[in-house]
Structure formats: structure tokens, C-alpha cells
Amino acid sequence: MNQSVFVGRLTHDIELSKSQSGVISTRFTLAVPRKGSKETTDFIPCVAFGKTAELIDQLTKKGSRIGVEGHWQSGKYTGKNNKDVYTLDCYVDYFQAYDYKEQN
């Protein structure tokens with residue numbers, strides 16, 4: 001089973017992007033403290049698409065505490081000097097905002 005649940009804080013404001021085919025997405029990092037350790041934090045790379053990405057953008061800001069449930073997906077691309085770069089991201093299926101962005 002490929003499923004993970006994290007609760008942490010956003011390391012930066014959400015930035016939406018739109019693909020050539022019109023799909024809205026965002027990439028963000030979630031700072032998640034390790035259980036039992038106040039000094040160790042893991043930084044989880046996350047990706048969200050469509051309405052989920054839009055809602056995360058509307059409801060949160062840098063430092064907001066959110067929970068995500070998602071699955072891991074690996075990827076590969078050619079980087080500098082034609083070297084393969086491998087990636088591993090948590091693709092968000094569901095999220096819950098605990099701290100909300102103030103609305104003007």
C-alpha cells in the first residue's frame with residue numbers, strides 16, 4: 001500500500017502554475033517534526049493538482065499548519081551535464097488546513 005499522512009507547516013507561500021493543457025498544480029514543502037524530537041524536522045516535497053491545489057492556495061500561507069494524505073510517486077529527468085536526476089514526491093490526495101490565511 002502506498003499511502004502516507006503528514007501534519008506539518010508550509011515552508012513558503014503556495015504558487016500555482018498552469019500546464020500547457022490547462023491543469024493547475026502546485027509544488028510545496030511541508031516541514032514535519034519527527035516524533036519524540038523537538039530538534040529534528042523532515043522536509044516533505046508535495047505536489048497537488050486541480051481543485052486541491054487551488055484550495056490549498058486560497059486557505060493557507062507560509063507557516064500554516066496543514067495535514068496531507070497522499071501517495072508517493074517517483075520521477076526522473078535529465079539535469080545538468082546530462083545526468084539523471086531522480087525525484088520522490090508526495091502527491092496530495094486530501095488535505096486539511098488547521099491554520100487559515102486571513103482574508104482581506
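## Nonpolar core

The largest nonpolar core holds 16 residues. Among these, Phe 6, Phe 28, Leu 30, Ile 44, Cys 46, Ile 66 and Val 68 touch the most other members. Six elements give two or more residues each to this core: the strands β1 (4–10), β3 (24–33), β4 (41–49), β5 (65–78) and β6 (84–97), and the helix α1 (50–59). The model is a predicted one.

Val 68 shows how the core is joined up. Leaving aside neighbours within four places in sequence, Val 68 is in contact with Ser 4, Val 5 and Phe 6. The list also includes Phe 28 and Leu 30. Val 92, Tyr 94 and Phe 95 complete it. Phe 6, Phe 28 and Leu 30 are themselves among the core members that touch the most others.

## Overall fold

The protein chain has one helix and six strands. Their order along the sequence is β-β-β-β-α-β-β. The C-alpha trace spans about 45 × 40 × 30 Å along its principal axes.

Contacts across the sequence are well represented. Take the contacts with a separation of 6 or more: residues 24 or more positions apart account for 57% of them. Of the 104 residues in the protein chain, 28% count as buried.

## Surface and charge

The protein chain exposes about 7400 Å². Carbon and sulfur atoms supply 47% of that area.

Positive side chains number 14 and negative ones 12. The centres of the two sets lie 3 Å apart.

## Arg 27 on strand β3

Arg 27 is found in strand β3. Is its position buried or exposed? Arg 27 counts as exposed, because its relative accessibility is 52% and the exposed class begins over 50%.

Leaving aside neighbours within four places in sequence, Arg 27 is in contact with His 12, Cys 46, Val 47 and Asp 89. One of these partners, Cys 46, belongs to the largest nonpolar core. With Asp 89 there is a polar contact, side chain to side chain, at 3.4 Å. Ile 14 lies 13 residues from Arg 27 along the chain, and the C-alpha atoms of the two are separated by 7.6 Å.

## Ser 64 in the α1–β5 loop

Ser 64 is found in the loop between α1 and β5. Ser 64 counts as buried because its relative accessibility is 3%, and the buried class covers values under 20%.

Which residues does Ser 64 contact, leaving aside its neighbours within four places in sequence? They are Gly 8, Arg 9, Leu 10 and Asp 99. The range of β1, residues 4–10, takes in Gly 8, Arg 9 and Leu 10.

## Asn 81 and Asn 82 in the β5–β6 loop

Asn 81 is placed in the loop between β5 and β6. Asn 82 is in the loop between β5 and β6 as well. Most residues other than glycine have a negative phi. Asn 81 has a positive phi of about 55 degrees, although it is not a glycine. Asn 82 also has a positive phi, near 55 degrees.

How do these positions stand for accessibility, buried or exposed? Asn 81 counts as exposed, at 70% relative accessibility. Asn 82 is exposed too, with a relative accessible area of 69%.

Methods:
Residues are numbered from 1 along each chain as its sequence is written. This is a predicted model: local features need pLDDT of at least 70, side-chain atom pairs count only at pLDDT 80 or more; totals for chains, interfaces and linings use all residues. Side-chain values use heavy atoms; hydrogens and water are left out. A nonpolar core is a set of buried Ala, Val, Leu, Ile, Met, Phe, Trp, Tyr and Cys residues joined through side-chain atoms within 4.5 Å. Buried means under 20% relative accessible area, exposed over 50%, partly exposed in between (1.4 Å probe, protein chains only). Helices (H or I, at least four residues) and strands (E, at least two) are DSSP runs, numbered from the N terminus. Contact means heavy atoms within 4.5 Å. Accessible areas come from the Shrake-Rupley method with a 1.4 Å probe; for residues, only the protein chains shown count as cover. Lys and Arg count as positive and Asp and Glu as negative; His and the chain ends are not counted. The place of a charge is taken as NZ of Lys, CZ of Arg, CG of Asp or CD of Glu. A polar contact is a pair of N or O atoms within 3.5 Å; within protein, one must be able to donate a hydrogen and the other to accept it, and residues adjacent in sequence count only if both atoms are side-chain atoms.
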